[in-house]
Amino acid sequence: MGLFASLPGETLGKLADRMKRDEVAAGTVLVREGEPGDRFYVLLSGVAGVSQSSLGDRRILRAGEFFGEVALTMHVPRTATVTAMTPCVVASCDTAAFDELVRPLFAED
C-alpha cells in the first residue's frame, strides 16, 4: 500500500497487530464531520463516499485508500463524513498506535 511502502517490516508488523478489522454494511457512517477523531482508517475493500456539510459530496474512496488522519494529525474535529457506499472492510488503529507508527509518515510530507 502506498502510504505504508516506506515502513520497515518490523513497524508494519507492529501496526498490523494493533489494527482492528471491521466489516460494515452499505450506508454505515464510519466517521462523522464535527465529531472528535480517535481512529485512523484504511479501506481494505468496498467503496466509501466522503462529504462535507458545506461542500456536499467530495470524493470516492476505494480499497487501499485511508482516512481519518486529518483529525489525528491536526488535533481538530473530523473535517468530513465518510459513509460506506457498498459493504466495506476497514482496518483502523487508535490514536496511540497512529502517533507511534503512522504519524511519522505524514511528518515527512
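A residue counts as buried when its relative accessible area is under 20%. With that in hand, welcome to a quick tour of this predicted model. The protein has three helices and eight strands, and 35% of its 109 residues are buried. Much of the story below concerns aromatic rings, of which the structure holds three pairs.

**Overall fold**

- Following the chain along its sequence, you will meet the elements in the pattern α-β-β-β-β-β-β-α-β-β-α.
- The radius of gyration is 13 Å, close to the 13 Å that the globule rule gives for 109 residues, so the protein is as compact as a globular protein of that length.
- If you want a feel for its dimensions, the C-alpha trace spans about 40 × 25 × 20 Å along the principal axes.
- Taking contacts between residues at least 6 apart in sequence, 76% join residues at least 24 apart.

**Surface and charge**

- About 6,000 Å² of the protein is exposed, and carbon and sulfur atoms supply 53% of that area.
- The side chains include 11 positive and 15 negative ones, with the centres of the two sets 3 Å apart.

**The pair of phenylalanine 40 and phenylalanine 98**

- A pair of aromatic rings is described by the distance of the centres and the angle of the planes.
- Phenylalanine 40 and phenylalanine 98 form a tilted pair, at 5.3 Å centre to centre and with 50° between the planes.
- Phenylalanine 40 sits in strand β3 (residues 39-45) and phenylalanine 98 in helix α3 (residues 95-107), so this pair ties together parts that are 58 residues apart in sequence.
- Phenylalanine 40 has a relative accessible area of 0% and is therefore buried.
- Phenylalanine 98 also counts as buried, at 0% relative accessibility.
- Look for Phe66 here too: Phe40, Phe66 and Phe98 form one aromatic cluster.

**The pair of tyrosine 41 and phenylalanine 67**

- Tyrosine 41 and phenylalanine 67 form a stacked pair, with 4.9 Å between centres and 5° between the planes.
- Planes under 30 degrees apart count as stacked, which is the label given to this pair.
- Tyrosine 41 belongs to strand β3 and phenylalanine 67 to strand β6 (residues 66-67), so the pair ties together parts that are 26 residues apart in sequence.
- Tyrosine 41 and phenylalanine 67 are both buried, meaning that each has under 20% relative accessible area.

Key: Residues numbered from 1 in each chain as written. Predicted model: local features only at pLDDT ≥ 70, side-chain atom pairs only at ≥ 80, totals over all residues. Heavy atoms only, no water. Helix = DSSP H or I, 4+ residues; strand = E, 2+ residues; numbered from the N terminus. Rg over C-alpha atoms; globule rule 2.2 N^0.38 Å. Buried < 20%, exposed > 50% of the residue type's maximum accessible area, 1.4 Å probe, protein only. Contact = heavy atoms within 4.5 Å. Areas by Shrake-Rupley, 256 points an atom, 1.4 Å probe, with all protein chains shown as cover. Lys, Arg positive; Asp, Glu negative; His and termini not counted. Charge placed at Lys NZ, Arg CZ, Asp CG, Glu CD. Phe/Tyr/Trp six-rings, centres within 6.5 Å; stacked < 30°, edge-to-face > 60°.
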